[in-house]
Protein chains: 2
Amino acid sequence: MNQLDQYLRSKVQFADEELLRIQTSATPLTVRKRQLLLRAGDVCRHKLFVLRGLLRVYRVSKDGTESVMWFAAESQWAIDPESYTTETPSHCYIEALEDTALLLWTKETMNELFAAILPFRQLSDRVREESHNRSLQRIYINISHTAEEKYDAFVADNPTVFRRVPLHMVASYLGVTRETLSRIRHKHHQLR
Amino acid sequence: MNQLDQYLRSKVQFADEELLRIQTSATPLTVRKRQLLLRAGDVCRHKLFVLRGLLRVYRVSKDGTESVMWFAAESQWAIDPESYTTETPSHCYIEALEDTALLLWTKETMNELFAAILPFRQLSDRVREESHNRSLQRIYINISHTAEEKYDAFVADNPTVFRRVPLHMVASYLGVTRETLSRIRHKHHQLR
DNA sequence: CGATTCTTTGAAAACAGTCAATCTGTGTGG
DNA sequence: CCACACAGATTGACTGTTTTCAAAGAATCG
């Protein structure tokens, strides 16, 4: 039983042949650290599933500042939902932060799978829903919590990821400068 | 042709009898300004559609600070998606900011309608999708823009709503104090 | 009109950003 | 293996922004 099957089964019940079909419809891909999987301006034509490694989805403002929208580690999806559904140029970049193994499906393939395998559509709906809920929670934290609390919440929600990404990317996820985050962290270590 | 029909038709194609069924399945309700439609701790059991008036969805932190998640004006939906789908106690309050006329459907009714009227499910999916995209956009703005730019973006995105809500609620939507927003606005008026 | 809600303003303190310098660890090529 | 470059993290001094607290000024509603 492989990683994808395990993930799929953890969410919804599948028949063996359904898992097989989902698996064989995917294109496997491995990329090196720093490699881009999506560039702003391009249409996001695939859903990516991370088997091993780590991705970041980020945007770049006019002044060149990068803002991390989220990270995708093992058994997580990476996609720009807006570009994917509307088939318009994306505002996002997707970059590998480690050497990464992933599976990808085009939208056409996905839609075929959804039509053929109802549980897979249910899973997709559930993933979207969870993603939406996380977004709302993040908005709430952003508008109501201090930078320190935001950092704590990020660490609590991403216990593995936060050890694997450079601090300045966590800062850019939280919306503070790397210097500020460095100082927040310093205070934390003092308190122990 | 009424407000709901007009809204539904603007999103997806419907047959007349489908519109009728959706309409007659709804419970109409009018509430006075300040009345609560959902309280934190209660499960959000309905989807609300605003015909006339204005609602706010907000959360309250332990220290009593209110944070506005969003506003729902005419032809918009109000719901706590997390509580609604998982049927767990909500973290949100929903309050009428004006005397408000709305329609409401229970989850059971909604699911019956989705099963019977495919276009209605498509519409619901699209609404969720748009809501998710707005959330992601808001996160991006929150982590990458200054308070001033956030205010501009809010005004641009909510040209009608921002004139109808007290300034301190806009502040709580943006995650700044009312004093700060008052000063930002002061600067703006000076520049004209 | 009086009560309530909302907004503005001022001054001080807390906080976060900027800029520049330094320090650390990693990895690459000679 | 070392030297060097590079990416990342930290620190200090300074600046700018936001919050806090307190008070007063509008606007709204019964």
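Colleague: Let's start with the contact between the two protein chains. How many residues of chain B are in contact with chain A?

Modeller: In this predicted model, 22 residues of chain B are in contact with 22 residues of chain A. On the chain B side, S5, helix H3 (81–86) and helix H5 (118–144) each supply at least two residues. H5(B) gives the largest share, 12 residues. By class, that side of chain B has seven nonpolar, 10 polar and five charged residues.

Colleague: And how do I read the relation between the copies? What turn and shift lay chain B on chain A?

Modeller: The general idea first: two copies of a chain are related by a rotation about an axis and a shift along it. Here, a turn of 180° and a shift of 0.0 Å along the axis lay chain B on chain A, with an RMSD of 0.0 Å. That is the relation of a two-fold axis. The same surface serves both copies, as 100% of the contact residues of chain B recur in chain A.

Colleague: Good. Now the sheets. In what order do the strands of the open sheet in chain B run?

Modeller: Again, the idea first: strands of a sheet pair through backbone hydrogen bonds, either parallel or antiparallel. In chain B, four strands form an open sheet in the order S2-S7-S4-S5, and the pairing is antiparallel. Its edge strands, each pairing on one side only, are S2 (36–38) and S5 (66–72). From one strand to the next, the twist averages 30°.

Colleague: How many bridges join S4 to S7 in chain B?

Modeller: Five bridges join S4 (residues 55–60) to S7 (residues 92–96), and these strands of chain B run antiparallel. To find the register, look for B:Tyr58, which stands opposite B:Tyr93 in S7(B).

Colleague: Which helices pack on this sheet?

Modeller: One comes from the partner chain: helix H5 (residues 118–144) of chain A packs on the sheet and touches S4 and S5 of chain B, with its direction at about 130° to that of S5(B). H8(B) also packs on the sheet, touching S4 and S5 of chain B, and its direction makes about 100° with that of S5(B).

Colleague: What about strand S3 of chain B: is it largely enclosed or open?

Modeller: S3(B), residues 46–52, is largely enclosed by the rest of the structure, because five of its seven residues are buried. S3(B) pairs with S8 (residues 100–106) of chain B in the antiparallel sense over six bridges, and B:Arg52 stands opposite B:Ala101 in S8(B). S3(B) also runs antiparallel to S6 (residues 77–78) of chain B, to which two bridges join it. There, B:Leu48 stands opposite B:Ala78.

Colleague: Now to the DNA. Which residues are closest to strand C?

Modeller: Of the 15 residues that surround DNA strand C, the closest are A:Ala147, A:Thr180, B:Pro166, B:Leu167 and B:Ser182. Helix H9 (178–190) of chain A, with H8 (167–174) and H9 (178–190) of chain B, each supply at least two residues of this surface. The largest share, six residues, comes from H9(B). By class, the surface has four nonpolar, six polar and five charged residues.

Colleague: And which residues are closest to DNA strand D?

Modeller: DNA strand D is surrounded by 15 residues, the closest being A:Pro166, A:Leu167, A:Ser182, B:Ala147 and B:Thr180. Two or more residues each come from H8 (167–174) and H9 of chain A, together with H9 of chain B. For strand D, H9(A) gives the largest share, six residues. The classes are four nonpolar, six polar and five charged residues.

How values were computed
Residues are numbered from 1 along each chain as its sequence is written. Chains are lettered from A and ligands numbered from 1 in the order in which they are written. This is a predicted model: local features need pLDDT of at least 70, side-chain atom pairs count only at pLDDT 80 or more; totals for chains, interfaces and linings use all residues. A residue is near a molecule or strand if its C-beta atom, placed from the backbone, lies within 6 Å of it. Ala, Val, Leu, Ile, Met, Phe, Trp, Tyr, Cys and Pro count as nonpolar, Asp, Glu, Lys and Arg as charged, and the others, Gly among them, as polar. A residue is buried if 20 or more other C-beta atoms lie within 10 Å of its own, exposed if 12 or fewer, and partly exposed in between; C-beta atoms are placed from the backbone. Two strands pair if DSSP finds at least two bridges between them. Axes are lines fitted to C-alpha atoms, for helices over the stretch in contact, and angles run from 0 to 180 degrees between N-to-C directions. Two residues are in contact if their C-beta atoms, placed from the backbone, lie within 7 Å. Copies are superposed by least squares on the C-alpha atoms of residues with pLDDT of at least 70 in both.
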